[in-house]
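The exercises below are meant to be worked through with the sequence and the coordinates open side by side. Each task is followed by a solution that proceeds step by step.

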Amino acid sequence: MTTTLPAVPAGAAGTRGDGPGARRRSERQPVSAWLLAPALILFGGFALVPLGGAVALSFTSWNGLGTPAWLGLDNWGAVLTDHVTWLTLWITLQVMVGTWLVQTPLSLLLGVYLAPRGRWRAWMAAVYFIALLMSSSAVALVFKNLLDPNFGLAGPAGPGFLRHSWLGDPNTVLIAVILIIAWHFVPLHTLLYQAGARQIPGSLYEAAQLDGAGTVRRFFSITMPQLRYTIVTSSTLMLVGSLTYFDLVFVLTAGGPGYATRLLPLHMYLTGFTATEMGRASAIATILAVVGLALSLGLTRLSGFTRMQSQQEGL
Amino acid sequence: MVTTEAVRPATPTAEAPPRRRRDRIRPNLPAGVGSLLWLSVVIVPVYWVVVTSLRTQQHFFTDHPLGLPTEPTLDSYRQVIDSGFDRYLLNSVVVTVGAVALTIAVALLAAYTITRNTSRFVARSFSLFLLGLAIPLQAAIVPIFYMITKMGLYDTLLALVLPTAAFAVPITVIILVNFLRDIPKELFESMRVDGAGEWQVLTRLVLPLSRPAIATVAIYDGLNAWNGFLFPLVLTQSPEQRVLPLALWAFQGELTINVPAVMAAVVLSALPIFLLYVIGRRQLVAGLTAGFGK
């Protein structure tokens, strides 16, 4: 599946967990199942229970203080008929598609370029990585100030495209957000592609070269098909990840100007913690969870994650 | 944490693919130019942050944005440090160390059980953790806020540690399980034959052997905890409980027009991770991509 993860032996996942329970249930287990308790309590208590809690709270009226009061389906009616909900879903979808379109070709090309070993490439990879080390709120602060048309990078005599108020103009702010997200996360995906490209057997390239294939041909006929599982993994991370961009957009634009960058999680936060409509926020949170789960499960099923070890079959 | 060298040899799949392509690298001009372009896209903002943080407030308005500061000064750094930065740094360290320690402790027990116990209940629990990977943390924030308030933990660092650790449990368990599955069964059995109890197997066999995996996953969890923003935003309030990412946001609110100071705060908040990166790049990179296993 990956080389960066030191832990995944080819074929090991799945060979044990598949169904030994039926066979050995009656035997005395060497390790007591009770040792699972702390992890289950922590994960259940602070992740699973709250997830169910979000569904429950979506049927209540609660302002963040006091006790939630039963309300029935009112929140759901309000959320589903509010055009802002659909607008934020639309914006989220645009960011999802936009970040994928920008990041995938960039990180694919960079990753393949950085795959061969060498001092210069290693050094460059090290510098590329800097962006990923910063917190999202730091990245947001940097670009918020850097893109300021008067006091940012543009300065009084800077290039024209920087004197445009990228974050202040509702027509360009989404593009800016997508590009900033790319700046932040391309290093991660570059790394995935670099690891993937290093797995491609050199014999394939040697054979192609003997057949007279040029660089471009080799890229499309060997590199791309060989990287298909890396592409799937990286795309899954990007698409599902785009449902969780919160910190960056919150600090950068707080969803504005107007509603221009109000992504779904941001909409949930602003509804709950700024407008103190916790019930409605919970309904939005439920939508978020359903979309997220459906997307991850759908992509995983579609891509056949479990068959991933066979990508070099026949070699 | 372990030394960088200790990681590679101990990991079963670490055998690097043979360097077959080295003999064929011919200069690829467009690729070289493209990679340099991206390099400048990365470096220019970072450079801008650093030079801006060294300017005086007056020169910030008059200097060329990318020129070297006319009167370099560390005043902005002093200002940031004086406004409680040490406190925020300490809070971040406490939350990160607390969350990582808690996560690793419960996840190691769970991973050990999942590898060694074959009952159906344990297998189902493992599936539950796999499913847990797909839960967006934002979806649970309102009920977490409710629970934390009811528990009387609102505006404490513990309120940040518990949910941060909880959301790190699934990926940590999965990475550790994948690693522990590679330990030959015979090792466990021979220890049991020698009369070692569960606890001894855990501390004398599992813990030492899984150290590289623990280091990797600890870095991954640690960076997530260090950079976490939503839990601190929702679950704390007072400046005394502020962690670094939140402090940055607050700085921007307080210092809006003092851009050099805001940039100094950005540099200071990133500095610990940068130092870590310089010291153990390979280990850090492995940790950052550990989540790739998803």
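**Exercise 1. The surroundings of one residue**

Leaving aside its neighbours within four places in sequence, with which residues is T113(B) in contact?

Solution. Bear in mind from the outset that this is a predicted model. Begin by placing the residue: T113(B) lies in helix α4 of chain B, which covers residues 75-116. Next, set aside the neighbours within four places in sequence, and the contacts of T113(B) that are left are V31(A), A33(A), L35(A) and L36(A) from chain A, together with V122(B) from chain B. Then consider burial, for which the cut-off is 20 or more other C-beta atoms within 10 Å; T113(B) has 28 C-beta neighbours inside that radius and therefore counts as buried. As a last step, take a distance within the chain: the C-alpha atoms of T113(B) and P245(B), which are 132 residues apart along the chain, are separated by 36 Å.

**Exercise 2. The interface between the chains**

Determine how many residues of each chain are in contact with the other chain, and describe the side that belongs to chain A.

Solution. Counting over the two chains, 93 residues of chain A are in contact with 99 residues of chain B. On the side of chain A that touches chain B, the largest share comes from helix α2 (residues 37-57) of chain A, with 13 residues. Sorting the residues of this side by class then gives 63 nonpolar, 24 polar and six charged.

**Exercise 3. Two helix pairs across the interface**

Describe how α2(A) packs with α7(B), and how α7(A) packs with α13(B).

Solution. Two packed helices are described by the angle between their axes and the distance between the axes. For the pair of α2(A) and helix α7 (residues 158-180) of chain B, the axes are 8 Å apart and the angle is about 120°. The two helices α2(A) and α7(B) are therefore oblique to each other, and their crossing is left-handed. On the chain A side the contact involves A39(A), L42(A), F43(A), G45(A), F46(A) and A47(A), which meet L162(B), P163(B), A165(B), A166(B), F167(B), V169(B), P170(B) and V173(B) in α7(B). By class, this contact of α2(A) with α7(B) has 13 nonpolar residues, one polar residue and no charged residues.

For the other pair, the axes of helix α7 (residues 136-146) of chain A and helix α13 (residues 259-279) of chain B come within 10 Å and cross at roughly 155°. Because angles over 145 degrees count as roughly antiparallel, this is the description that applies to α7(A) and α13(B). The crossing of α7(A) and α13(B) is left-handed. The residues making the contact are A138(A), L141(A), V142(A) and N145(A) of α7(A), and V259(B), V262(B), V266(B), S269(B) and A270(B) of α13(B). Seven of the residues in the contact of α7(A) with α13(B) are nonpolar and two are polar, while none is charged.

**Exercise 4. The domains of chain B**

Establish how chain B is divided and which elements of domain 1 touch domain 2.

Solution. The assignment divides chain B into domain 1 (30-73) and domain 2 (83-292). Taken over C-alpha atoms, the centres of these two domains of chain B are separated by 34 Å. Seven residues of domain 1 of chain B are in contact with seven residues of domain 2 of chain B. On the domain 1 side, α2 (29-53) and α3 (57-62) of chain B each supply at least two residues, and the largest share, four residues, comes from α2(B). By class, this side of domain 1 comprises three nonpolar, three polar and one charged residues.

**Exercise 5. Burial, in one helix and in each chain**

Is helix α6 of chain B largely enclosed or open, and what fraction of each chain is buried?

Solution. Seven of the 10 residues of helix α6 (residues 141-150) of chain B are buried, so this helix is largely enclosed by the rest of the structure. The buried residues of α6(B) are I141(B), V142(B), P143(B), I144(B), F145(B), Y146(B) and I148(B). After α6(B) comes G152(B), whose phi is positive, near 75°. Turning to the chains, buried residues make up 42% of the 315 residues in chain A and 49% of the 294 residues in chain B. Chain A has 15 helices and two strands, whereas chain B has 14 helices and zero strands.

Key
Residues numbered from 1 in each chain as written. Chains lettered and ligands numbered in written order. Predicted model: local features only at pLDDT ≥ 70, side-chain atom pairs only at ≥ 80, totals over all residues. Axes fitted to C-alpha atoms, helices over the stretch in contact; angles between N-to-C directions. Parallel < 35°, antiparallel > 145°, perpendicular 65-115°, else oblique. Left-handed = near helix turned anticlockwise from the far one by under 90°. Nonpolar A, V, L, I, M, F, W, Y, C, P; charged D, E, K, R; others polar. Domains from an automatic or database assignment. Buried ≥ 20, exposed ≤ 12 C-beta atoms within 10 Å, placed from the backbone.
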